[in-house]
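Student: Could you take me through one part of this structure closely, and then show me how it sits in the rest of the chain? I would enjoy one connected account rather than a list.

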Amino acid sequence: MRRLLALLLLWSTHGLADPTVLRFSVAESWSMPLVRLENGQPVEGLMFDLIQALAREAGALPEYHVLARLRLQQAMEDGDIDVRCYVSTQWFNDRPGNFVWSVPLFEQRDVLVGRAGDSGPTRPEQLPEQAIGTVLGYAYATLEPLFAQGRLRREDSRSQELALQKLQIGRYRHAVSNELSLQWFNKQLPPEQRLQVLAVLEEQALGCMVRNDPAIPTQGVLRALVRMKESGEIERITRRYGVTGHTEGVSAARP
């Protein structure tokens, strides 16, 4: 009888145990459709929905750490975050040894953007010397040789949305944007004012990185992402935010 009571007590204690908390990074530079912040915390957006769905699938509670992009690497090295999503292997010179990569979840294209009616060059190496709209902390491998030569100069903004707003009002003639953010930005404009893609600069497969630590269910999170990918849930989340696919008829441009 005592043994039965002990087993029941152990079972009930286990059942009431707090679920695992997973610390997710959120980049300050993200804007809609990736995320919208209120009082410093995400409340909606593609990445908010993806993280919420991933936490449910993995049986964990999400905790959001909103960080400047330049602080993300240090936060990973210090063990301050458990999961970083919307990230590409191409963004790292050295693979972080204490994180494990997920399967690729979706594709991102970085594009050269001009204002409506722009009939100038459509390849970055053909652009005259000028400032170009960029996002603080973002690396643009295709444009780095032009930055090094001084033919193009970065004009950094804190977010992708702000970089596109500056382009729209004429602060500069061209900017770089991921195609997802550009599509969202253009939805707010009448057709004759919409910014246009001039060239594709880079294409990247994006996924998540999960800290390899026995204190968190690393493999459980990775398996949850596989299930979400295979079930079509990732695609449903992206469609929810009006992702219409790649711009047709625009080829990749390489210096």
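**A close look at strand S5 and its surroundings**

Tutor: Happily, and let me start at a small landmark: Gly59, just after helix H2, takes a positive phi of about 70°. Please keep in mind that this is a predicted model.

Helix H2 itself is a good way in. Its 13 residues, 46-58, should span 18 Å at 1.5 Å a residue, and the end C-alpha atoms are 18 Å apart, so expectation and model agree. Much can be said about its side that faces away from solvent: Leu46, Met47, Phe48, Asp49, Leu50, Ile51, Ala53, Leu54 and Ala55 are buried. Two residues of that list, Met47 and Leu50, are in contact with Cys85, and Cys85 brings us to strand S5.Now to Cys85. Setting aside neighbours within four places in sequence, its contacts are Trp30, Met47, Leu50, Gly207 and Cys208. With Cys208 the link is covalent: the two residues form a disulfide, with their sulfur atoms 2.1 Å apart. The structure holds one disulfide. Cys85 belongs to strand S5 (residues 83-87) and Cys208 to strand S11 (residues 196-211), so the bond ties together parts that are 123 residues apart in sequence. The torsion about the S-S bond is about 105°, so this disulfide is right-handed. Both ends are hidden from solvent: Cys85 is buried at a relative accessible area of 4%, and Cys208 is buried at 0%. Strand S11 offers another partner to compare in space, since the C-alpha atoms of Cys85 and Met209 are 6.2 Å apart although 124 residues separate the two in sequence.

Next comes Tyr86, also found in strand S5. Its backbone deserves a look, as Tyr86 has a positive phi of about 60° although it is not a glycine. At 7% relative accessibility, Tyr86 counts as buried, because the cut-off for that class is under 20%. It is useful to set Asn39 beside it: Asn39 is not a glycine either, and its phi is near 55°. Asn39, however, is in the loop between strands S2 and S3 (41-44), and at 83% relative accessibility Asn39 counts as exposed. While we are in the loops, the one between strand S1 (20-27) and strand S2 (36-38) contains Pro33, and the peptide bond from Met32 to Pro33 is cis, with omega near 15°.

The ring of Tyr86 takes part in the aromatic contacts. The structure holds five aromatic pairs. In one of them, the rings of Tyr86 and Phe106 have their centres 5.9 Å apart and their planes at 45°, so the pair is tilted. Tyr86 lies in strand S5 and Phe106 in strand S7 (residues 106-114), so the pair ties together parts that are 20 residues apart in sequence. Tyr86 and Phe106 are both buried. Ring pairs also bring in Trp30, linking Trp30, Tyr86 and Phe106 into a cluster. Trp30 is a residue we have met already, among the contacts of Cys85.

A second tilted pair makes a helpful comparison. The rings of Trp184 and Tyr241 have planes at 45° and centres 6.2 Å apart, so this pair is tilted. Trp184 is in helix H6 (residues 179-187) and Tyr241 in the segment after helix H8 (233-240), so the pair links distant parts of the chain, 57 residues apart. Here the two rings belong to residues of unlike exposure: Trp184 is partly exposed, with a relative accessible area of 22%, whereas Tyr241 counts as buried at 10%.

Let us step back to what comes just before strand S5. Asp82 sits in the loop between helix H3 (69-77) and S5. Asp82 is buried, with a relative accessible area of 1%. Its side chain makes a polar contact of 2.7 Å with the side chain of Arg211. Beyond its neighbours within four places in sequence, Asp82 is in contact with Val21, Leu22, Arg23, Phe99, Met209, Val210, Arg211 and Ile216. Met209 therefore turns up twice in our tour, as a contact of Asp82 and as the residue whose C-alpha lies 6.2 Å from that of Cys85.

Finally, the whole chain gives the setting. The protein chain has eight helices and 11 strands. Of its 255 residues, 47% count as buried. Among contacts with a separation of 6 or more, 70% are between residues 24 or more positions apart, and the disulfide of Cys85 and Cys208 is an example of a link across the sequence, at 123 residues. The accessible surface comes to about 13200 Å², with 51% of it belonging to carbon and sulfur atoms.

Key: Residues numbered from 1 in each chain as written. Predicted model: local features only at pLDDT ≥ 70, side-chain atom pairs only at ≥ 80, totals over all residues. Heavy atoms only, no water. Disulfide = S-S within 2.5 Å. Helix = DSSP H or I, 4+ residues; strand = E, 2+ residues; numbered from the N terminus. Buried < 20%, exposed > 50% of the residue type's maximum accessible area, 1.4 Å probe, protein only. Polar contact = N/O pair within 3.5 Å; in protein donor to acceptor, adjacent residues only side chain to side chain. Contact = heavy atoms within 4.5 Å. Expected span 1.5 Å × (residues − 1). Areas by Shrake-Rupley, 256 points an atom, 1.4 Å probe, with all protein chains shown as cover. Phe/Tyr/Trp six-rings, centres within 6.5 Å; stacked < 30°, edge-to-face > 60°.
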